[in-house]
Amino acid sequence: MKTVFEIASAVQNGTLTAREAVLESLCKIKELNPQINAFVEVWPEEALKRAEEIDARREKGEKLGPLAGVPVGIKDNILYKGHKATCCSKMLENYVAPYNATVVEKLLSADAVIVGRTNMDEFAMGSSNQTSVYGPAHNPVDFDRVPGGSSGGSAAAVAAGMVPAALGTDTGGSVRQPASFCGVVGVKPGYGRISRYGVVAFSSGADQIGVLTGDVKSAALMLEVLCGRDTNDSTSLEDEVPAFSQHFTADIKGLKVGMPKGFLDNLGEEVKEKILAAADKLKSLGAQLIEVEVPHAKYSAPCYYIITSAEASSNLARFDGIRYGYSAPNAKDLNDQYELNRAPFGIEVKKRLIIGSTALRAENYKACYLQAVKVRELIKQDFAKAFEKVDVILTPTSPTAAFTLGAHKDNPMAVYLADLYTCQGNIGGLAGISVPCGNDKQGLPVGLQFYGPILQEEKILNAAYHFEKAS
Amino acid sequence: MILEKDNAARCARMAKVRLSAEEEALYEEQMKELFAWVEQLSAVDTSTVEETTAARAAYLRPDEPVTNEPLAQTLVSQFNAQQDHCVKVKKVL
């Protein structure tokens, strides 16, 4: 499939119609989705109708938007008015979005065509897309393996060529880790860059919308469209959004790339080899490799699980059967009503609600939640100090390539630990991008991650663009 | 130990989550492991971090009045039980 840039340019200049672009996407979905389960619902008639409207406007001589005719998938926790948004949970199985998320409005204004909603871990809690009520999505590289998560459907859809771009959300790496597992590009801008209005909240201090694409330049264009201030999101930043897709430099000579001390210590040999080879490649392109210290970053994963579970226990209280969600008909009393109303939540969601409320209880609050938010502050300070010395920081995206479906089922700690490299970005509020850096001996993609300071997304996009070009 | 005097069943009751016997056994083990892992945070010296700084997750703009499109009827229409433009819920008290 063509890239976002290629489709938009071709539709704008008339060498391709939006209808042709969307039809190709729909055909690919029809062919591959039965095996991959990347999309949980597709809207073919509506997508084709919208594509025809875009073509008609071009024929009339109207100037089309920057994503003209680009088919896009959206994660099932993003509201698109009049369409189901279920978070891949039984709890919201019949919920229809009453309004558009800001990102949906922006996609539509840019003349993109939303073709369907993509599979995900229930309420975005998971790293393998195995907690979805619609069943797991499969990795297009190897159908017996997970695509990663929680935005597994979005990554799989892009990797399989069903769509050139998809939206995901990233609370602890849920865009970047599946991008790494599926061999595509996944970027999460800094906290506050993209409005979360109309996205079902999981952990408000960490949730960010991100994009998955086949190449870095397309990711830059998507970010350009989606970033920017929104009065409907109080965390939305007021700062101007650069034209990211126009910010690529001629080379990266002199770029200071930070390598965190000890960050390769617990890696498997194959991933370690790929990351070191990538560092060598950057050096050969003229970048300087500089060791940096982020001593508290090793605490990111436990911080992440306490803070996000605590915030989830508060955010998901709205699924009480009155404001949202299932209302049990035969409750005996109020307590019974609350407990029965929460029955549709899956096993991982229930667990995190219990962890979160336990961490927030008066007797645990100081030792658990407050200590985690204090350590988060130290992690932020570490990164701020490191970025005084370097432009970007390089890490693996995930310590492993995609694992097989069902693996780690009885050992969730193994999955939590694997979030180490990605959740640093959410805990630190940083911008992060995962870009493919080759395959392991089994042919599975391995991802390389660049971190950059908030409001400097162009730096990570530029580093990733040059690395991609040289790969 | 965070879970020394707690167990999964008690924590679940506080969180208003009902567990099956199977889930209870599973969570008991997994939560003990998770909170033991989280204990490593207590070894970090956080004496230099102000509580108020730490609690502020992110920049927040000043509050501004925003007028949203009227959605009440759309939202109410999603419920099976309705009466007089309101969601009808079971009497529980």
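Helices are DSSP runs of H or I that hold at least four residues, strands are DSSP runs of E that hold at least two, and the numbering starts from the N terminus. Keep in mind that what you're looking at is a predicted model.

**View 1. A:C88 sits in a loop of chain A and has a positive phi.**
Start with the loop that runs between β2 (71-75) and α4 (102-109) of chain A, and you'll find A:C88 there. Its phi is near 50°, a positive value, and the residue is not a glycine. What's the usual habit? Most residues other than glycine have a negative phi. Is A:C88 buried or exposed? A:C88 is buried, because 32 other C-beta atoms lie within 10 Å and 20 or more are enough for that label.

**View 2. B:H85 is a positive-phi residue in a loop of chain B.**
Now hop over to chain B, where B:H85 lies in the loop between β1 (82-83) and β2 (86-87). Phi of B:H85 is near 65°, again a positive value in a residue other than glycine. Here the surroundings count as exposed, because B:H85 has 9 C-beta neighbours inside 10 Å and the cut-off for exposed is 12 or fewer. As for the rest of the chain, it has four helices and two strands. Reading from the N terminus, they follow the order α-α-α-α-β-β. Of the 93 residues of chain B, 17% count as buried.

**View 3. A cis peptide bond links A:G149 to A:S150.**
Look at the bond from A:G149 to A:S150: it is cis, with omega near 10°. Most peptide bonds are trans. To get your bearings, A:S150 is in the loop between β3 (113-118) and α5 (152-159) of chain A.

**View 4. A:V199 is a buried residue in a loop.**
This loop joins β5 (185-188) and β6 (208-213) of chain A, and A:V199 is part of it. Why does A:V199 count as buried? Because it has 25 C-beta neighbours inside 10 Å. Setting aside residues up to four places away in sequence, A:V199 touches A:N77, A:I78, A:A101, A:T169, A:D207 and A:I209. A:V187 comes twelve residues away along the chain, and the C-alpha atoms of A:V187 and A:V199 are separated by 17 Å.

**View 5. A:V70 and A:V72 are the best-connected members of the largest nonpolar core.**
This core holds 167 residues, and A:V70 and A:V72 touch the most other members. Helix α12 (residues 362-389) of chain A is the biggest giver, with ten residues. Domain 1 (1-300 + 359-471) and domain 2 (301-358) of chain A both supply residues, so the core lies between them. Zoom in on A:V70 and, leaving out neighbours within four places in sequence, you'll see contacts with A:V4, A:I7, A:A8, A:A21, A:A112, A:V113, A:P164 and A:A165.

**View 6. Helices α7 and α15 of chain A run roughly antiparallel.**
The axes of α7 (residues 216-226) and α15 (residues 457-470) of chain A come within 9 Å and cross at roughly 160°. Since that angle is over 145 degrees, the two helices count as roughly antiparallel to each other. On the α7(A) side, the contact is made by A:V216, A:K217, A:A219, A:A220 and A:L223. Facing them from α15(A) are A:E457, A:L461, A:A464, A:Y465 and A:E468. Sorted by class, the contact has seven nonpolar, no polar and three charged residues.

**View 7. Domain 1 and domain 2 of chain A meet.**
Their C-alpha centres lie 27 Å apart. How many residues of domain 1 of chain A are in contact with domain 2 of chain A? The count is 39 residues of domain 1, set against 29 residues of domain 2. On the domain 1 side, α11 (347-360), α12, α13 (412-417) and α14 (420-428) of chain A each give two or more residues. The largest share comes from α12(A), with eight residues. By class, this side has 23 nonpolar, eleven polar and five charged residues.

**View 8. Chain A touches chain B.**
Here, 52 residues of chain A are in contact with 45 residues of chain B. Which elements of chain A give two or more residues to the side that touches chain B? They are α9 (300-315), α10 (334-341), α11, α12 and α13. Again look for α12(A), which gives the most to this side, with twelve residues. By class, the chain A side has 29 nonpolar, 14 polar and nine charged residues.

How values were computed: Residues numbered from 1 in each chain as written. Chains lettered and ligands numbered in written order. Predicted model: local features only at pLDDT ≥ 70, side-chain atom pairs only at ≥ 80, totals over all residues. Core = buried A, V, L, I, M, F, W, Y, C linked by C-beta atoms within 7 Å. Domains from an automatic or database assignment. Contact = placed C-beta atoms within 7 Å. Axes fitted to C-alpha atoms, helices over the stretch in contact; angles between N-to-C directions. Parallel < 35°, antiparallel > 145°, perpendicular 65-115°, else oblique. Nonpolar A, V, L, I, M, F, W, Y, C, P; charged D, E, K, R; others polar.
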